[in-house]
Structures are given as structure tokens and as C-alpha cells.
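Student: Could you pick one part of this model and take me through it closely? I would like one connected account, with the cut-offs stated as you go.

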Amino acid sequence: MAIIGRSLTKRFGSFAALDDVSIEVPAGSLTALLGPSGSGKSTLLRVIAGLERPEAGTVELDGVDVSGQAAQKRGVGFVFQHYAAFKHMTVRENVAFGLRVRKRPRDEIRRRVDELLELVQIAGWADNYPAQLSGGQRQRMALARALAVEPKVLLLDEPFGALDARVRKDLRLWLRRLHDEMHVTTIFVTHDQEEAMEIADQIVLMNHGRVEQVGGPRDLYEEPANEFVMSFVGPVNRLGDSFVRPHDLELRNEPNGKTTPGTVERVVHLGFEVRVELVLEDGREAWAQVTREEADELNLTAGGTVFVRPRRTRVFESAN
Amino acid sequence: MHKWVLRFLGLSYLGVLLAAPVGLVFWRTFEHGFGPAWDAVTTPDAKHALTLTVLIAAIVVPANTVFGVICALAIVRRRFPGKGLVNALVDLPLALSPVVVGLAFLLLYSRNGWFGNWLTDHGIQVVFALPGMILVTIFVSLPFVVREVVPVLREIGIEQEQAAATLGASPFQTFRRVTLPAIRWAIGYGVVLTMARSLGEFGAVSVVSGHIVGKTETMTLQVQDRFQAFDYVGAYAGSVVLALLAIGTLLVMSLFKPKEATR
Amino acid sequence: MGLATAYLSLIVLLPLAALVWKAGQGGRTGFWAAVSDPQAVSALKLTLTVSVAVCLINAVMGTIVAWILVRDRFVGQGVVNAIVDLPFALPTIVAGLTLLALYGPNGPVGVNVAFSRAAVLLALLFVTLPFVIRTVQPVLLELDREMEEAAASLGAGPILRFRHVVFPNLFPAILSGVALAFARAIGEFGSVVLISGNLPFKTEVASVFIFGRIESGDPSGAAAVSVVILLISFGVLLGIGALRRWTTRHDRA
């Protein structure tokens with residue numbers, strides 16, 4: 001089920017959360033809406049779900065214009081950052097809710113709920129209340145609940161934002177695997193670029209209510225459209241008008257005609273990578289990322305001189 | 001669409017039950033002009049009733065405020081056996097009928113009461129006199145300051161007070177400089193509720209006072225007495241004064257009230 | 001600390017003790033005679049029935065008013081929110097007088113409920129108005145809107161959302177408000193005394209009956225009936241409290 005948003009604009013008072021945003025999500029894909037706080041990504045998701053009404057623009061689900069439809073009619077599954085669990089119902093009753101609303105027969109509901117609880121691995125907690133579950137379990141329950149009504153689209157609003165780092169990593173991979181099994185068109189919102197890069201087929205990077213770039217993880221990293229994209233998606237050094245990734249800064253002990261001299265300020269060992277903080281000839285600060293082996297070979301010390309050559313730079317047109 | 005139905009239901013309920021009756025009394029009072037109403041509230045008896053009512057409130061409110069703060073501190077910050085009981089006792093006055101309250105005090109302090117003999121021997125008159133009225137008013141307005149301060153004390157937690165102690169502050173200094181400012185609004189709100197209750201108390205005072213005109217007749221008692229004596233202008237006029245005090249209380253309450261009662 | 005306990009005992013415990021003692025002064029037979037007096041029974045029955053009715057009405061209307069104060073937006077909302085507290089601030093005798101003025105024999109709208117049971121109902125509705133509203137409002141404010149949005153995304157319309165998501169979470173607060181309203185209603189005196197006419201066996205409520213017994217010099221009879229309402233009040237409050245704890249069991253997981 002493909003999703004198309006055209007020229008969507010949404011205002012809160014005088015603040016434009018979405019400014020003429022258009023988006024295309026291919027059927028069956030896993031798309032990330034990525035961006036800093038206030039970029040409009042959650043608003044876009046909610047507009048697609050029908051939880052917000054845009055001032056302008058349309059939303060199409062599988063070619064059908066649903067802009068006038070309320071959330072309950074759109075057949076979208078929605079998962080909230082803070083789970084939105086029905087705290088007064090048991091886990092089983094939570095997952096069954098959508099089916100009960102559609103008046104499905106009792107045994108069909110029971111069967112389907114059991115299936116889903118197995119799928120999300122919380123079958124043993126069926127008769128407990130959400131308050132008794134951990135954050136990760138609650139979110140899996142929320143996912144099961146959304147999937148119960150066989151939505152055409154699955155929308156997740158910072159689904160792992162409220163969880164610990166470790167749980168977050170586990171669950172995002174788990175989500176990817178689930179998606180590979182079920183092939184439901186999925187959009188998830190995140191501010192964590194690592195998360196987006198790790199599991200999304202397509203990333204829509206947003207800022208200040210606009211779309212900055214759309215593409216696969218590799219495209220955004222290697223061919224960023226502007227400075228914002230480049231610095232959001234990975235670490236970056238600004239050298240005048242050019243931008244260089246730290247791992248693209250080559251360091252040598254001897255000059256070779258293409259290098260610039262610099263002074264080593266600090267060498268930081270972070271596990272397998274080594275960060276070398278430098279001050280260049282003209283006073284600019286930069287840092288390079290080298291492997292342990294390279295660092296050993298170069299034998300760097302604080303205060304020592306090193307010669308720097310950017311392997312790859314990017315320059316962007318005019319001011320951002 | 002549902003919106004309008006709910007609005008209509010809610011607002012008309014409030015209008016029919018609250019706004020209309022109160023509005024009418026104002027109108028009735030001044031129906032024949034300001035003069036008669038003014039005369040009614042400036043008779044010697046009326047002035048006495050006003051003074052008496054205010055006097056009672058002036059004693060009750062500070063007493064219950066001090067007690068309320070101490071009690072709240074004890075309930076929240078201290079462990080002691082019977083804390084649950086104390087908590088329940090503080091709430092008790094809210095559950096008792098005012099007439100029953102009056103009765104209980106009669107049983108204690110009237111001539112045949114528990115303390116009757118001791119009081120007569122010492123020439124102290126409690127019932128049918130000011131002391132009795134003060135005591136019952138203290139009783140019925142006891143809970144308000146405590147109930148407002150307790151949740152706030154709970155919420156601010158003990159850490160700031162502990163920090164003050166580590167910085168060398170004595171308990172009294174800590175109270176004055178750290179605790180008190182934090183509970184100030186809760187106390188204010190509690191004081192306003194206590195005052196409203198003291199000024200408006202009727203049932204308990206009715207039982208304990210004997211309604212002696214010019215001596216133990218508070219403003220509320222006077223409204224009833226005048227009404228029953230067919231002095232409607234007098235009754236309405238007294239009511240308007242009390243209603244104005246009530247509305248004033250409401251205004252002050254909405255200033256103190258933890259904002260956000262509507263969104 | 002000791003000061004507070006002393007104050008508390010003097011002011012609260014002693015009177016209570018005196019009451020219970022006096023009620024028992026006539027022995028079991030005396031107590032029973034006072035309590036089974038036909039006039040007393042009639043007063044108690046009236047008080048209880050009207051109080052229950054008032055609680056039911058408040059449960060519904062109170063929730064509606066709380067709803068329009070929290071979920072709606074209209075001109076004068078702040079004023080409406082403030083006047084809900086009027087019954088707390090207004091002396092009960094004045095409340096009774098205002099109701100009598102509008103709905104009594106000289107009322108401008110031609111409605112006259114004076115000296116009837118409807119008068120008792122009216123007066124009790126007035127004084128218990130704020131209770132349910134004020135217990136429901138904060139809960140409604142705090143209610144996680146996302147639960148309602150989740151229900152919407154799962155296909156539930158506004159009525160189903162209210163039934164399955166909003167109401168179950170409001171119910172404990174409604175119960176709390178009802179408990180407070182009930183305790184207030186069964187003891188109410190000042191607002192009822194003028195408008196009901198206090199006709200024995202017809203419109204005389206328990207508190208007025210007790211007052212009558214005091215005036216007639218029968219304090220033990222008065223104390224006996226007082227203890228009965230105390231016990232009823234206590235019992236109902238405990239019951240509502242238990243029900244409330246049961247409906248919030250999911251919070252204490």
C-alpha cells in the first residue's frame with residue numbers, strides 16, 4: 001500500500017510545523033522520517049494517520065485520497081512513543097481492542113490475539129496489566145495491538161524513544177525482522193540517525209518543516225544534498241567552504257605536496273577507533289578518525305606535527 | 001455536535017441550580033431600592049451579628065492555620081504510631097452533620113455535660129455563649145488547611161530541607177526559609193476555605209448558641225431568624241452581604257487555586 | 001507534635017466520644033427505642049433516598065460539567081469554573097433562601113417546590129454540586145490523550161472511545177466525588193431547613209429531626225440517631241472506598 005503526501009502544510013498558531021511537504025512511500029517499504037526536534041516529522045506522521053488535519057495538501061493511501069477521513073476510518077496502525085497502553089485493560093484486552101470494535105466473533109479474536117502475542121513474544125503476560133510490563137514489553141504489546149486489525153500501513157512515532165539504549169537497539173532490529181516477515185508498508189519517526197541508517201530502506205530527512213533529502217542510507221551519507229544533511233547523518237569537519245568526514249582526513253608523518261601541516265592537540269582512544277584532535281595551520285580545529293593500526297604507525301603525540309590531506313570533500317552552494 | 005448538547009446540559013444545570021437563584025436574591029433585595037436594604041443591615045442587631053461573625057472568624061482562622069501547618073508537617077514528615085488515625089480524624093469534621101457537631105459540643109460543655117460541673121464551678125459559660133460558638137466553628141473548619149498543605153508537602157519532598165540542614169540551618173530557620181515559602185500558596189488557599197466556612201457556619205452554631213439576639217446571633221443565624229419573623233427584606237439583605245462575602249471568597253480562591261482547572 | 005495531638009483530641013475526639021457515650025446512655029433498649037421511633041425512621045428513610053438520588057444525579061451532571069470545563073472552550077469558561085465553587089463558599093442558610101426565592105411560593109417562574117420532597121432534593125443538589133466536578137476535573141486533565149488517539153487509530157468512534165477508554169479511567173474519580181457528596185448530603189441542615197418546611201413524616205430530614213430532639217430536651221434520642229447516621233455514613237464510605245480500590249487495581253500492579 002503506497003502512501004503519497006502532496007504539498008502538506010500544517011500550522012500551530014503561527015508556527016509552521018509542515019511547510020509544503022511532499023512525500024512518496026513505496027508499498028511494502030520501511031521508511032524512516034528522520035530529523036531533529038521540531039523538524040515536523042511527528043506532525044507529518046500524524047497527518048498521514050489522520051490524527052491531525054493539515055491546512056493544505058492531500059494524503060493518498062493506495063491511490064485513494066483520504067484527506068477528509070478521520071483516523072478511525074483510515075485503517076492505519078499507529079504506535080506511540082509512550083505506548084498509549086489502555087492501562088485499565090489487560091494485555092490481552094489491549095491487543096483485542098481493535099477486533100472488538102469491529103465486532104469480530106469471540107473465538108476469532110482469541111485466536112488472533114494469541115497468535116500476535118506469540119509473534120511479539122509476550123504470550124506469558126496476556127492476563128497482566130500494562131503497568132506490570134517493562135517498557136520494551138509494553139511497546140511490543142502496542143505493536144501487536146496495532147497489527148491485530150491488519151492495517152494497510154504501520155506508523156510508529158519514535159517507538160523506541162522511551163526505552164533504554166540496549167533495549168532500543170534490540171527492538172529496532174527486531175522491528176526490521178518483523179517487517180521483512182510481514183511486508184506491511186511502515187513509516188517510523190526517529191531523531192536517531194543511527195537507528196534510521198541501520199534499518200530503513202528509505203530515509204526522509206526533515207528540518208524546520210521541510211524535506212531536506214530523500215534517499216537510502218548510503219545516498220544520504222555519501223551524497224548529502226546540503227550541509228545540514230551531511231552534519232546530521234554523520235560527523236563532519238568544516239574547513240572553509242568544504243566539508244570533510246573525519247575518516248576522510250588522511251594523516252601522514254611527512255608532507256607530500258598535497259598536505260597541510262597541523263598540530264596534534266589530543267589523541268583519544270575509543271575502543272577500535274582513534275580520534276585525533278588537530279589544530280591546522282590557519283588556526284582551524286578539526287578531528288580525524290583513524291584505526292588503531294594507523295594511529296600506532298603514525299606514533300602521534302600531543303603537541304606533535306602531522307600532515308593532513310582530505311581524501312574527499314564536499315562543497316555546497318551558498319548559505320544554508 | 002455532541003459538543004453543543006453537552007454544553008447545553010452542563011450550563012443549563014448550573015444556571016438553574018446556581019446562577020438563577022443567587023441572581024434573584026440580589027434582585028429581590030434591591031427591588032425596592034437601596035435604602036431599605038441598607039437600613040436592614042445597619043440595625044444594631046445586624047451590626048452586632050456582623051461583629052460577632054467576624055470575631056469568631058478572626059479567632060478560628062489563625063488557630064486552624066497554625067494547627068493545620070503543624071499537623072500537616074507531622075503527618076508528612078514524621079513517623080508515629082496512629083498516624084492513620086490522625087489522618088482520619090482530621091477528615092472527620094467533613095463527614096459529620098453540623099447539627100451532630102453541635103450536639104456533641106452540648107454534651108461536653110453544657111451544664112449537664114461532661115465538663116459542665118467544672119465549668120460552672122469556675123464561672124465559665126461555654127454553650128449559649130461565644131466560647132461554644134468558637135469551639136464548634138474550629139471543629140467544622142479544621143480540615144481545610146491540613147488537607148491543602150499535605151499534598152504540597154508530599155510533592156516538594158524532603159531534599160531541600162535536608163540540604164538546608166547540611167548548610168547549618170536550624171529546624172526553625174529551615175521551616176521559615178525553605179518549607180514555608182514552598183507551601184505558601186497551599187496555606188493561602190486553605191485559609192480562604194477556612195474563612196469561608198467560619199463565616200458561613202450555620203447548623204452547629206445554631207445548636208450551640210441559643211440564637212440569643214444581640215448576644216449570640218451570628219449573621220447566618222440572623223438570616224434564619226429574620227426569615228422566620230417574616231422580615232424578608234432583612235433576611236435577603238443579610239443574605240446579600242453573606243453572598244458578597246462568598247463571591248469575594250471565590251475571587252480570592254481563583255487567584256490562589258493551582259491554575260489549570262480548565263485547560 | 002504533641003501540641004497537635006492534644007489540640008486534635010480536645011477538639012475532635014472528645015466530642016465524638018461524648019456522642020457515642022450519650023447514645024448508649026439509655027442502654028440497648030433506650031437506643032433501640034429512639035432509633036425505631038416512627039418519626040426517626042421516616043426521617044432516615046427520606047434522608048437516605050434523597051441522598052442516593054442526589055449522588056446519582058451528581059455522577060452524571062458532575063461529569064458533564066467537568067467535561068465542558070476541561071475539553072471544551074467557550075467564552076466565560078473561567079467564570080463558570082469559578083462559580084462551581086459557590087456552594088462551598090456560600091452559607092447553607094443563604095443557599096436555602098436563594099432556592100426558596102426562585103422555586104418557592106413567591107417565585108417568578110411559577111414553580112413552587114416549597115414544603116415538598118422535591119425541595120429537599122433541590123437543596124441537596126445545590127450543596128453537593130462541586131464535589132464530583134472537582135474530583136473529575138483533574139483526572140480528565142491528566143488523562144493521556146494518546147490512549148484516545150490509539151483507540152481512534154484502531155477504529156473506535158467518539159462514543160466507543162468514551163465507553164472503553166475515557167469512562168473507565170474517570171470512574172474512580174466519580175466514585176470519590178460521590179462519596180464526598182453522600183457524606184455531605186446525609187448530614188445537610190442549613191439549606192434544607194427553610195425550603196422543606198420540615199414536616200414530620202413528609203419532608204423532615206435526619207439532621208432536622210435530630211435538631212428537634214435536642215430542642216425537646218431529648219439529647220440521648222438525638223445522640224442515638226446521630227450515631228446511626230454516622231454508622232451509615234461510615235459504612236457507605238468504606239464501601240465506596242473498597243469499590244474504588246478495586247477499579248484502580250491495574251495501577252498498583
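Tutor: Here is a walk from the chains as a whole to one sheet, one helix that packs against part of it, and one loop residue beside it.

This is a predicted model, so local features need pLDDT of at least 70 and side-chain atom pairs count only at pLDDT 80 or more, while totals for chains, interfaces and linings use all residues. Residues are numbered from 1 along each chain as its sequence is written, and chains are lettered from A and ligands numbered from 1 in the order in which they are written.

Let us begin with how the chains meet. Two residues are in contact if their C-beta atoms, placed from the backbone, lie within 7 Å. With that cut-off, 2 pairs of chains are in contact, and chains B and C share the most contacts. No contact joins chain A and chain B, and their closest C-alpha atoms are 15 Å apart. Between chains C and B, 64 residues of chain C touch 64 residues of chain B. On the chain C side, helix H1 (residues 2–23) provides the largest share, 13 residues. Helices here are DSSP runs of H or I with at least four residues, strands are runs of E with at least two, and both are numbered from the N terminus. That side of chain C divides into 50 nonpolar, 11 polar and 3 charged residues. For these classes, Ala, Val, Leu, Ile, Met, Phe, Trp, Tyr, Cys and Pro count as nonpolar, Asp, Glu, Lys and Arg as charged, and the others, Gly among them, as polar.

The meeting of chains C and A involves 19 residues of chain C and 21 residues of chain A. On the chain C side, two or more residues come from each of helix H8 (145–153) and helix H9 (158–187). H8(C) gives the most, with 7 residues. By class, this side of chain C has 10 nonpolar, 5 polar and 4 charged residues.

Now for H8(C) itself. Its buried residues are C:Met147, C:Glu149, C:Ala150, C:Ala151, C:Ala152 and C:Ser153. A residue is buried if 20 or more other C-beta atoms, placed from the backbone, lie within 10 Å of its own, exposed if 12 or fewer, and partly exposed in between. The buried residues of H8(C) pack against helix H1 (41–49), S6 and helix H2 (91–101) of chain A, together with H9 of chain C. Just after H8(C), C:Gly155 takes a positive phi of about 105°.

Following S6 leads us into chain A. The secondary structure of this chain comes to 9 helices and 18 strands, and its C-alpha trace spans about 80 × 45 × 30 Å along its principal axes. Of the 320 residues in chain A, 42% are buried. Among its contacts with a separation of 6 or more, residues 24 or more positions apart account for 63%.

S6 belongs to an open sheet of 6 strands in chain A, in the order S6-S7-S8-S3-S9-S10 and with mixed pairing; two strands pair if DSSP finds at least two bridges between them. Strand S6 (76–79) and strand S10 (210–215) stand at the edges with a single partner strand each, so one side of each is left without a neighbour in the sheet. From one strand to the next, the twist averages 15°, with axes fitted as lines to C-alpha atoms and angles running from 0 to 180 degrees between N-to-C directions. At the S10(A) edge, strand S9 (residues 202–207) is joined to S10(A) by 5 bridges, and the two run antiparallel. A:Met206 has A:Val211 of S10(A) as its bridge partner.

Where does A:Pro151 lie? It sits in the loop between helix H4 (135–148) and strand S7 (153–157) of chain A. A:Pro151 counts as buried because 22 C-beta neighbours fall inside 10 Å. Leaving aside neighbours within four places in sequence, A:Pro151 is in contact with A:Gly75, A:Val76, A:Gly77, A:Ala146 and A:Val184. A:Gly77 is 74 residues away along the chain, yet the C-alpha atoms of A:Pro151 and A:Gly77 are separated by 5.4 Å.
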